Amino acid sequence: MDELETLTADLVSIPSHEDETEAGDFIESWLRAETDATVTRDDAGNVIARVNPGVGDSLALVGHHDVVPPAARQITDDGEYVVEADDDRLYGRGSADMKGAVVASMLAFRDAAQSATNEVVFASFVGEELGGIGVRDALDAGLELDYAVVAEGSTNYSGPDRTDVVVAHRGRRASTLHVHGTACHASMPEEGENAVYRACDAVDIARDMQFPETEVLGHTVSGSIAVTEIDGGSAWNVIPDRCEVTIDERTVPGGYADLSQTESIDGVEWVVEQDLPPMACDDADFADHVLDVARAVHESRGDADPQQVTKPHATDAGWLVQEGTTCVVYGPSEPGEAHTKAESVSLDVLERCYETYRGLVEGW
């Protein structure tokens with residue numbers, strides 16, 4: 001535990017919300033010093049290590065070392081991240097999302113990969129918080145992975161004192177309705193075309209739209225649609241000639257709502273700004289294997305029984321699945337912990353995740 005806690009504190013202390021270079025340097029240097037793996041660093045800044053490259057089906061432990069911007073209390077005047085610990089938890093920006101999981105994966109890779117007869121990969125990407133920039137660059141450059149455990153949060157989803165195995169998660173599509181009308185003086189509204197009224201008609205279409213739903217390995221995954229912002233008009237006495245509406249859509253594997261229907265309203269243009277793909281595990285045997293290893297670890301520690309679950313948030317697993325990788329998500333972050341001004345990770349759960357990652361890699 002001491003090495004796991006110390007190494008996590010060291011990585012968490014390195015600022016990586018604007019530039020991931022120093023955090024990537026730390027990970028790369030450690031892997032080169034502590035393992036016999038083939039370690040590469042691509043132009044994007046992704047760090048990838050391999051044992052038995054090209055042999056059999058590959059298994060990857062996947063994370064990211066970028067973080068969201070810290071709160072004021074999480075950064076010093078000198079620009080360093082504040083890291084604090086008590087008997088149970090380590091506090092700091094990125095501790096939960098997801099530098100603690102990256103360190104647990106690094107240690108498991110070091111301690112178990114040499115026992116594998118097939119390829120084992122450790123990968124830590126940049127730009128996950130910006131839409132998967134790093135993993136997309138790596139895939140475009142030819143990265144191929146057969147199986148992957150993405151170490152994003154899955155702890156306490158089905159109940160307390162357990163880290164569950166996520167077999168599917170929702171994606172996120174962000175879009176904007178650009179609505180145009182004709183301005184005129186508000187005293188004669190019939191002379192113009194009110195862009196806000198047109199926007200409201202388009203919002204009604206989105207609000208009444210049926211959400212997509214699907215089933216993955218016996219688990220139902222449902223999407224959602226929510227209007228989150230609206231901006232229009234220029235003055236209290238002018239009929240608005242423009243309005244913009246922001247829509248947050250949570251997508252499911254194989255299913256999107258048909259928001260193009262909003263363009264049936266005159267003056268409405270629907271534009272997709274971001275589309276983070278959902279994830280579905282396509283191999284029940286692999287999902288069961290991960291759950292079996294996790295359950296053995298939980299039982300040995302006296303922890304509660306983990307389950308297979310789904311996750312509401314998008315991760316880099318969505319991009320990997322699009323390119324043919326079989327994925328599950330398994331990691332220490334708990335619901336509501338990431339991105340907060342008091343972000344922390346349980347040291348006991350980090351140890352649990354390390355043991356599970358090690359168990360998956362051993363003899364792969």
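Here's a quick briefing on three helix pairs, one pocket and two backbone oddities. The model is a predicted one, so keep that in mind as you look around. Helix H8 turns up twice, packing against H6 and also coming within 10 Å of H1, axis to axis. Asp97 is another one to watch: it sits among the residues closest to the centre of the largest pocket, and its peptide bond to Met98 is cis.

**H6 against H8**
- Helix H6 covers residues 284-301 and helix H8 covers residues 347-361, and their axes lie 9 Å apart at an angle of about 135°.
- That angle is why the two helices, H6 and H8, count as oblique to each other.
- As for handedness, H6 and H8 cross in a right-handed way.
- On the H6 side, the contact uses His289, Val290, Val293, Ala294, Val297, His298, Ser300 and Arg301.
- H8 answers with Asp348, Glu351, Arg352, Glu355, Thr356, Gly359 and Leu360.
- Sort the residues of this H6–H8 contact by class and you get five nonpolar, five polar and five charged.

**H1 against H8**
- Helix H1 (residues 2-12) crosses H8 at roughly 105°, with the axes coming within 10 Å.
- Because of that angle, H1 is roughly perpendicular to H8.
- Leu4, Glu5 and Thr8 of H1 touch Leu347, Leu350, Glu351 and Tyr354 of H8.
- The H1–H8 contact splits into four nonpolar, one polar and two charged residues.
- Glu351 is worth a click, since it appears in the contact with H1 and also in the one with H6.

**H2 against H3**
- Helix H2 (residues 21-34) and helix H3 (residues 95-112) have axes that come within 11 Å and cross at roughly 15°.
- With an angle like that, H2 is therefore roughly parallel to H3.
- The crossing of H2 and H3 is right-handed.
- From H2, the residues involved are Ile27, Trp30, Leu31 and Glu34, and they meet Val102, Met106, Leu107, Phe109 and Arg110 of H3.
- Seven residues of the H2–H3 contact are nonpolar and two are charged, with no polar ones.

**The largest pocket**
- The largest pocket holds about 550 Å³ of space.
- It is lined by 26 residues, and the closest to its centre are Asp97, Glu129, His313, Ala314 and His339.
- The lining of this pocket breaks down into seven nonpolar, nine polar and ten charged residues.

**Backbone oddities**
- Going from Asp97 to Met98, the peptide bond is cis, and omega is near -10°.
- Met98 itself belongs to helix H3.
- Asp161 is not a glycine, yet it has a positive phi of about 65°.
- You'll find Asp161 in the loop that runs between strand S7 (147-150) and strand S8 (165-169).

Methods
Residues numbered from 1 in each chain as written. Predicted model: local features only at pLDDT ≥ 70, side-chain atom pairs only at ≥ 80, totals over all residues. Heavy atoms only, no water. Axes fitted to C-alpha atoms, helices over the stretch in contact; angles between N-to-C directions. Helix = DSSP H or I, 4+ residues; strand = E, 2+ residues; numbered from the N terminus. Parallel < 35°, antiparallel > 145°, perpendicular 65-115°, else oblique. Left-handed = near helix turned anticlockwise from the far one by under 90°. Contact = heavy atoms within 4.5 Å. Nonpolar A, V, L, I, M, F, W, Y, C, P; charged D, E, K, R; others polar. 1 Å grid on protein atoms, 1.4 Å probe; cavity = no way out; pocket = protein on both sides within 12 Å on 5 of 7 lines; lining within 4 Å. Points joined across faces, edges and corners; volume = space filled by probe spheres on them.
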